[in-house]
Amino acid sequence: MSSGHIQSLLSKKKFFNSKKPKLLITFDDAHISNLHILKILKKFKIKCIFFVPYLFVSRKREKNIFKENRITLKNFEILTNREKDIKNNYSSLSLSFKDLKKILVQKHSIGVHGYSHIRLSNNLSNKTMFREIKTSKKLFEKRLNIKINSFCWTFGDKKSFSKKAANLIKKNYALSFMTCCKPFNFNMNFLQIHRFNIENNFSLKRIAFILSGIYELFYYWKRKYVNNITK
C-alpha cells in the first residue's frame with residue numbers, strides 16, 4: 001500500500017459512506033517490536049502506515065542492548081521497554097532497512113518521521129529543517145526505491161510545530177499526520193490529519209474512552225492552535 005494509494009482511498013466518498021467503522025492505523029518510531037506487530041497485521045489482513053525516523057534506522061548499532069537503550073532514549077527520545085527487549089533477545093532496538101522492505105512486501109506503507117526525530121520548532125536552522133523534512137524523504141526513497149507522500153510530525157507538544165516546517169512539508173508531501181484527536185472526514189485538510197494516540201500498555205477501557213468522542217474535547221484548544229500554525 002503506497003502513500004499515494006492511501007491518499008486516493010481517503011478521498012473517496014464511498015470509504016466514508018459505508019456503515020462499517022473505518023480505522024487508519026499508524027505506528028511511529030520504527031521500534032524493533034514492529035516486527036511482532038507485522039505478524040498480527042498479517043493475521044487480520046490489516047494494512048498500516050509505519051512512520052520512520054531515518055537516522056534511527058540507518059545509524060550504527062551497538063552490540064550491547066543497554067547501550068542501545070541509552071542511545072535510543074538520549075539521542076532520539078524514543079521510549080523502549082528494556083526488560084521486554086532483553087527478554088525477547090533484541091540486539092538492536094530499531095528496524096533495519098531489510099525490515100522496512102519486509103513491511104513493504106506485505107503491502108504496508110512507510111512514511112517519514114523526520115531525520116533524527118527532533119521537534120520541528122522555529123528554533124531550527126533552515127539547513128536542519130530541510131534535512132528533517134526533505135532530505136530524509138529523498139534518502140528513504142533512494143534506499144527503498146519507493147515514492148513517499150506521507151509525513152508525521154514528531155512528539156506532538158505545542159513546541160513541536162512551526163509555520164516554517166508546515167510550509168516545507170506542504171511542498172514535499174501530500175499527507176501530514178499529527179496527534180490532536182480528531183476523526184477524519186471527507187472535507188479535512190490532508191495536511192492536518194489528526195490521530196488518537198494509543199500505547200501498548202493502555203487498558204481496553206482506556207482505549208474505549210479515547211475513541212468515545214469525549215477525548216476530542218480535551219484537545220480542542222491545542223488542535224485549534226496547531227491547525228492555525230500548520231494551515
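Before we start, one cut-off: a residue is buried under 20% relative accessible area, exposed over 50%, and partly exposed in between. Keep in mind that this is a predicted model.

**Exercise 1. Find the salt bridge partner of Arg131 and classify both residues by burial.**

Step 1: look for the acid. Arg131 pairs with Glu132, and their closest N and O atoms are 3.4 Å apart.

Step 2: take the arginine. Arg131 has 32% relative accessibility, so it counts as partly exposed.

Step 3: now the glutamate. Glu132 comes out at 0%, so it goes down as buried.

Step 4: check for shared partners elsewhere. Glu77, Arg119 and Asp157 are joined into one network by salt bridges that share partners.

**Exercise 2. Work out which parts of the chain the Asp28 salt bridge ties together.**

Step 1: start with the overall count, since a search of the whole structure turns up six salt bridges.

Step 2: pick out the pair. Asp28 bridges to Arg195, with 2.8 Å between the closest N and O atoms.

Step 3: place both ends. Asp28 sits in strand S1 (residues 26-28), while Arg195 is in the loop between strand S6 (193-194) and helix H10 (204-210), so the bridge ties together parts 167 residues apart in sequence.

Step 4: check burial. Asp28, at 27% relative accessibility, is partly exposed, whereas Arg195, at 12%, is buried.

Step 5: try another pair for practice. Arg59 makes a salt bridge with Glu68, the closest N and O atoms lying 3.1 Å apart. Here both Arg59 and Glu68 are buried.

**Exercise 3. Describe how helices H7 and H8 pack, and name the residues that make the contact.**

Step 1: get the geometry. Helix H7 (residues 97-105) and helix H8 (residues 126-144) pack at about 75°, and their axes are 11 Å apart.

Step 2: classify the angle. Anything from 65 to 115 degrees counts as roughly perpendicular, and H7 and H8 are therefore roughly perpendicular to each other.

Step 3: list the contact. H7 brings Phe97, Leu100, Lys101 and Leu104, and H8 answers with Phe140, Arg143 and Leu144.

**Exercise 4. Locate the nonpolar surface patch and say which helix gives the largest share of it.**

Step 1: collect the members. Phe209, Ile214, Leu217 and Phe218 form the patch, and together they have about 430 Å² of accessible area.

Step 2: assign the helix. Helix H11 (residues 214-218) supplies the largest share, three residues.

Step 3: zoom in on one member. Leu217 lies in helix H11, and its 64% relative accessibility means that Leu217 counts as exposed.

**Exercise 5. Ala30 and Asn145 both have positive phi. Where does each one sit, and is it buried or exposed?**

Step 1: check Ala30. Its phi is near 60°, a positive value in a residue other than glycine.

Step 2: place Ala30. You'll find it in the loop between S1 and helix H3 (34-44). Ala30 has 1% relative accessibility, so it counts as buried.

Step 3: check Asn145. Phi is about 55° here, positive again although Asn145 is not a glycine.

Step 4: place Asn145. This residue belongs to the loop between H8 and strand S4 (150-152). With 71% relative accessibility, Asn145 counts as exposed.

Step 5: put the two side by side. Ala30 is buried, whereas Asn145 is exposed.

Note on methods
Residues are numbered from 1 along each chain as its sequence is written. This is a predicted model: local features need pLDDT of at least 70, side-chain atom pairs count only at pLDDT 80 or more; totals for chains, interfaces and linings use all residues. Side-chain values use heavy atoms; hydrogens and water are left out. A salt bridge is a side-chain nitrogen of Lys or Arg within 4 Å of a carboxyl oxygen of Asp or Glu. Helices (H or I, at least four residues) and strands (E, at least two) are DSSP runs, numbered from the N terminus. Buried means under 20% relative accessible area, exposed over 50%, partly exposed in between (1.4 Å probe, protein chains only). Patches are made of residues with over 30% relative accessible area and no salt bridge: like charges are joined within 9 Å, nonpolar side chains (Val, Leu, Ile, Met, Phe, Trp, Tyr) within 5 Å. Accessible areas come from the Shrake-Rupley method with a 1.4 Å probe; for residues, only the protein chains shown count as cover. Axes are lines fitted to C-alpha atoms, for helices over the stretch in contact, and angles run from 0 to 180 degrees between N-to-C directions. Angles under 35 degrees count as roughly parallel, over 145 as roughly antiparallel, 65 to 115 as roughly perpendicular and the rest as oblique. Contact means heavy atoms within 4.5 Å.
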